[in-house]
Amino acid sequence: MDQIQHKHIDVRGVNLHVAEIGTGSSVVVFLHGFPEIWYSWRHQMIAIAGAGYRAIAPDLRGYGLSGNHPEPEKASFNDFVDDTIAILDSFHIDKAFLIGKDFGSWPVYLLSLFHPTRVIGVVSLGVPFFVPRPQKFRDLPEGFYISRWKEPGRAEADFSRFDVKTVWRNIYILFSRSEIPIAETGKEIMDLVDPSNPFPPWLTNEDLTTYAKAYEKSGFSSPMQVPYTRLPEEFTIENPKVEVPVLLIVGGKDYFLKFPGIEDYITSEKVRDYVAELEIEFLPEGTHFMQEQFPDKVNQLIVNFLDKACSIK
């Protein structure tokens, strides 16, 4: 971990924290999800640097050591797209591989659609490209965690009953399960985790402390602004097609597979209608945090993809 370097750069009015390692000419940019920061990619960054690549992983605006959006009510996924382009420009990088997971996969896909000449290839952990439909999850119960977190003030009231470390621990435990977090009527999302529930074995106490310190700095409101609190932006691209090579790594026990239509969309390969060159790899025991759960397996899949793409570009 000591070999990973850290710096801050001013990007579009926000001071972003960026971690990097490696000196290879081919660059890989990692975009994290929630409740994560750059640190969730630590295993992958070290591995690809060892394979001859340069790894860059920012704390997205509003997360970790990065500054918040100056106008939180206007924050959007497009900010993450524009920030990533600005990071590439700041480092004088013409094009790069992009790797995302959770909601971090969405700006990766958007960037490949809006700025295809800046992207060599894409890796997404768990999330296929799909055309957003605002009512996609309307059939899920009222206690669906995203629905709850979109209610103004509800997550804040729920989380305020606990310290930051406990909240982060609970969310990680919930997202590590294979079932969608859904609270019963009269209960809150935090009530789904009992204090006696074990923490996933692949994370250490040191890891937990690192994440907790980051969220003590940022709080939860700012990180949750774009993926949960704010209404999604209108998707206006007609007949979208991701033209760069894409590797989709799917965890068989990722709760996201239980979202309506997602598993069928992947296994039926309907996703190929929107991705010109798609490779799908399954990790049967993989959870939402497969990159930390099975780092060696994920690292090997990523490095194989990078090497293949570099050999033919």
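1. Two strands pair if DSSP finds at least two bridges between them. With that in mind, one can look at this predicted model and begin at one end of its sheet, where strand S7 (residues 242-251) and S8 pair in the parallel sense over eight bridges. Within this pairing, Pro-245 has Glu-277, a residue of S8, as its bridge partner.

2. The wider sheet is open and consists of eight strands, which follow the order S1-S2-S4-S3-S5-S6-S7-S8 with mixed pairing. Its edges are formed by strand S1 (5-11) and strand S8 (275-283), each of which pairs on one side only. From one strand to the next, the twist averages 25 degrees. As general background, strands of a sheet pair through backbone hydrogen bonds, either parallel or antiparallel.

3. Two helices deserve attention for the way they meet this sheet. Helix H2 lies across S1, strand S2 (14-21), strand S3 (27-31), strand S4 (54-58) and strand S5 (96-101), and H2 runs at about 115 degrees to S1. Helix H3 (residues 105-114) also packs on the sheet, where H3 touches S3, S5, strand S6 (119-125) and S7, and the direction of H3 makes about 155 degrees with that of S6.

4. Which part of H2 is covered, and how far does the helix reach? Helix H2 (residues 77-90) has 14 residues and spans 20 Å from its first C-alpha to its last, which is close to the 20 Å expected at 1.5 Å a residue. H2 is mostly covered, since ten of its 14 residues are buried; among them are Phe-77, Phe-80, Val-81, Ile-85 and Leu-88, but also the acidic residues Asp-79 and Asp-83. After H2 comes His-92, whose phi is positive, near 60 degrees.

5. Asp-83 of H2 also takes part in a salt bridge with Arg-12, in which the closest N and O atoms are 2.6 Å apart. This pair links distant parts of the chain, with Arg-12 in the loop between S1 and S2 and Asp-83 in helix H2, 71 residues apart. The two partners differ in their surroundings: Asp-83 has a relative accessible area of 4% and is therefore buried, whereas Arg-12, with a relative accessible area of 39%, is partly exposed. The pair also belongs to a network of salt bridges that links Arg-12, Arg-61, Asp-79, Asp-82 and Asp-83.

6. The structure holds 22 salt bridges, and two further examples are worth tracing. Glu-20 forms a salt bridge with Lys-7, the closest N and O atoms being 2.9 Å apart. Because Glu-20 lies in strand S2 and Lys-7 in strand S1, this pair ties together parts that are 13 residues apart in sequence. Glu-20 is buried, with a relative accessible area of 7%, while Lys-7 counts as partly exposed at 31% relative accessibility.

7. The other example joins the side chains of Asp-191 and Arg-161, which meet in a salt bridge at 3.1 Å from N to O. Here Asp-191 lies in the loop between helix H6 (164-176) and helix H7 (205-218), Arg-161 lies in the loop between helix H5 (154-159) and H6, and the two are 30 residues apart. Asp-191 is partly exposed with a relative accessible area of 36%, and Arg-161 is partly exposed as well, with a value of 43%.

8. In soluble globular proteins, nonpolar side chains tend to be buried together. In this model the largest nonpolar core has 113 residues, of which Phe-34, Met-45, Tyr-145, Trp-149, Phe-175 and Ile-249 touch the most other members. Leaving aside residues up to four places away in sequence, Phe-34 touches a set that includes Tyr-63, Phe-103, Trp-149, Phe-175, Met-224 and Tyr-228.

9. Tyr-228 can be followed further, since this residue sits in helix H8 (residues 221-229) and is buried, with a relative accessible area of 4%. Beyond residues up to four places away in sequence, Tyr-228 touches Phe-34, Tyr-145, Ile-146, Trp-149, Lys-150 and Phe-175. The C-alpha atoms of Tyr-228 and Leu-306 are separated by 32 Å, and these residues are 78 apart along the chain.

10. Is Ser-40 buried or exposed? Ser-40 is found in the loop between S3 and helix H1 (42-50), and its relative accessible area is 0%, so Ser-40 is buried. Not counting residues up to four places away in sequence, Ser-40 touches His-32, Tyr-211, Gln-291 and Glu-292.

Key. Residues numbered from 1 in each chain as written. Predicted model: local features only at pLDDT ≥ 70, side-chain atom pairs only at ≥ 80, totals over all residues. Heavy atoms only, no water. Core = buried A, V, L, I, M, F, W, Y, C linked by side-chain atoms within 4.5 Å. Buried < 20%, exposed > 50% of the residue type's maximum accessible area, 1.4 Å probe, protein only. Contact = heavy atoms within 4.5 Å. Helix = DSSP H or I, 4+ residues; strand = E, 2+ residues; numbered from the N terminus. Expected span 1.5 Å × (residues − 1). Axes fitted to C-alpha atoms, helices over the stretch in contact; angles between N-to-C directions. Salt bridge = Lys/Arg side-chain N within 4 Å of Asp/Glu carboxyl O.
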